[in-house]
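Thanks for sharing this one. Here are my notes, set out as numbered points you can follow with the structure open beside you.

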Amino acid sequence: MAERGRPRGFDRDLALRQAMLTFWEHGYESTSMADLTAAMGIASASIYACFGSKEHLFREAVELYGATQGAEPLRCLEASATAREGIARALRINADRFADPATPPGCMVVLSALTGTTANAGLRDFLAERRALVPSSFRRRLERGIEEGDVTPGTDIDAVAAFYATVLQGMAVQSRDGAGRTRLETIIDCALAAWTTLTSPRTPPSRQ
């Protein structure tokens with residue numbers, strides 16, 4: 001059935017991508033409707049008619065970010081032969097993306113959270129859920145590593161997953177502060193140097 005009413009006079013996918021880049025650069029609260037209309041090339045009335053609200057537009061933009069920027073690191077995490085290789089590849093691919101001059105520096109989900117959203121608990125929780133996908137993915141890969149024999153049984157996989165997720169988030173902030181690809185690679189190398197220690201079973205301290 002043909003769509004009723006006036007045909008849309010713009011490319012929705014392109015407009016959403018431009019909104020994503022704008023939110024990525026400025027964060028949710030610091031992005032005004034004037035910023036969005038300028039970036040998307042459409043009037044605010046069209047934005048509301050197509051996306052419902054600024055918040056709904058932001059949520060769609062975050063989903064687009066995950067489907068585009070976030071897909072390859074997670075795919076490589078799962079496809080790699082070992083958990084260490086998978087986490088290393090995920091970190092390095094993200095470093096490539098954080099330092100890409102064609103897009104804003106850092107991670108949209110991490111940096112949007114740093115700009116506020118305290119007045120909107122629903123949006124704050126939405127971002128927290130998105131950020132939680134990274135340590136959860138790392139944890140699942142570590143579990144698989146134990147099953148396949150490349151991660152030592154008894155490893156505190158929750159702690160290891162949290163550590164590397166924190167490294168990734170820190171890289172996003174460092175990138176926004178001007179760190180380039182070489183600096184991010186150094187951070188990754190330092191984090192990976194801790195792998196053997198982190199994946200060694202912990203011995204309870206002796207009591208004397």
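**Notes on the helix packing and the core**

1. Let me start with one helix pair: H3 and H4 cross in a left-handed sense. Please keep in mind throughout that this is a predicted model. Helix H3 covers residues 44–51 and helix H4 covers residues 54–68; their axes come within 9 Å and cross at roughly 65°. Since 65 to 115 degrees counts as roughly perpendicular, that angle makes H3 roughly perpendicular to H4.

2. Which residues in H3 and H4 meet? From H3 come Ile47, Tyr48 and Phe51, and from H4 come Lys54, His56, Leu57 and Glu60. Sorted by character, the residues of this contact are four nonpolar, one polar and two charged.

3. Now a step back to the whole protein. It has eleven helices and zero strands, so if you read the elements from the N terminus on, you meet α at every step. Of the 208 residues, 37% are buried. Taking the contacts with a separation of 6 or more, 69% are between residues 24 or more positions apart.

4. The largest nonpolar core is worth a look, with its 53 residues. Phe23, Met40, Leu57, Met108, Leu142, Tyr164 and Met171 are the residues with the most contacts inside this core. Helix H9, residues 157–176, gives the most to the core, namely nine residues.

5. Two of those residues deserve their own points, and Met40 is one of them. Setting aside neighbours within four places in sequence, methionine 40 is in contact with Ala15, Gln18, Ala19, Ile47, Phe51 and Leu57. Ile47, Phe51 and Leu57 will be familiar from the meeting of H3 and H4.

6. Alanine 15, a partner of methionine 40, sits in helix H1, residues 12–26. Is alanine 15 buried or exposed? Its relative accessible area is 3%, so alanine 15 is buried. Not counting residues up to four places away in sequence, alanine 15 touches Phe10 and Met40. The C-alpha atoms of alanine 15 and threonine 37 are separated by 9.4 Å, with their positions 22 residues apart along the chain.

7. Methionine 108 is also on the list of core residues with the most contacts. You will find methionine 108 in helix H7, residues 108–114. With 0% relative accessibility, methionine 108 counts as buried. Beyond its neighbours within four places in sequence, methionine 108 is in contact with Met20, Phe23, Trp24, Phe58, Ala61, Val62 and Tyr65. Leucine 21 is 87 residues away from methionine 108 along the chain, yet their C-alpha atoms are separated by 8.5 Å.

8. Next, please turn to helix H8, residues 121–148, and helix H5, residues 71–79. The axes of H5 and H8 come within 10 Å and cross at roughly 10°. H5 and H8 are therefore roughly parallel to each other. Leu74, Leu77 and Glu78 of H5 make the contact with Ser137, Phe138, Arg141 and Arg144 of H8. These residues divide into three nonpolar, one polar and three charged.

9. H8 has another partner in helix H6, residues 83–98, and here the axes come within 9 Å and cross at roughly 155°. Why are H6 and H8 described as roughly antiparallel to each other? Angles over 145 degrees count as roughly antiparallel, and the axes of H6 and H8 cross at roughly 155°. Ala83, Ile87 and Ala90 of H6 make the contact with Phe138, Arg141, Leu142 and Gly145 of H8. This contact holds five nonpolar residues, one polar and one charged. Phe138 and Arg141 also belong to the contact of H8 with H5.

10. Finally, two residues of H6 itself. Alanine 90 lies in this helix and is buried, with a relative accessible area of 3%. Not counting residues up to four places away in sequence, alanine 90 touches Pro73 and Phe138. Glutamate 85 also lies in H6, but glutamate 85 counts as partly exposed, at 34% relative accessibility. Glutamate 85 and leucine 192 are 107 residues apart in sequence and 9.7 Å apart in space, C-alpha to C-alpha.

Note on methods. Residues are numbered from 1 along each chain as its sequence is written. This is a predicted model: local features need pLDDT of at least 70, side-chain atom pairs count only at pLDDT 80 or more; totals for chains, interfaces and linings use all residues. Side-chain values use heavy atoms; hydrogens and water are left out. A nonpolar core is a set of buried Ala, Val, Leu, Ile, Met, Phe, Trp, Tyr and Cys residues joined through side-chain atoms within 4.5 Å. Buried means under 20% relative accessible area, exposed over 50%, partly exposed in between (1.4 Å probe, protein chains only). Helices (H or I, at least four residues) and strands (E, at least two) are DSSP runs, numbered from the N terminus. Contact means heavy atoms within 4.5 Å. Axes are lines fitted to C-alpha atoms, for helices over the stretch in contact, and angles run from 0 to 180 degrees between N-to-C directions. Angles under 35 degrees count as roughly parallel, over 145 as roughly antiparallel, 65 to 115 as roughly perpendicular and the rest as oblique. A crossing is left-handed if the near helix is turned anticlockwise from the far one by less than a right angle, and right-handed if clockwise. Ala, Val, Leu, Ile, Met, Phe, Trp, Tyr, Cys and Pro count as nonpolar, Asp, Glu, Lys and Arg as charged, and the others, Gly among them, as polar.
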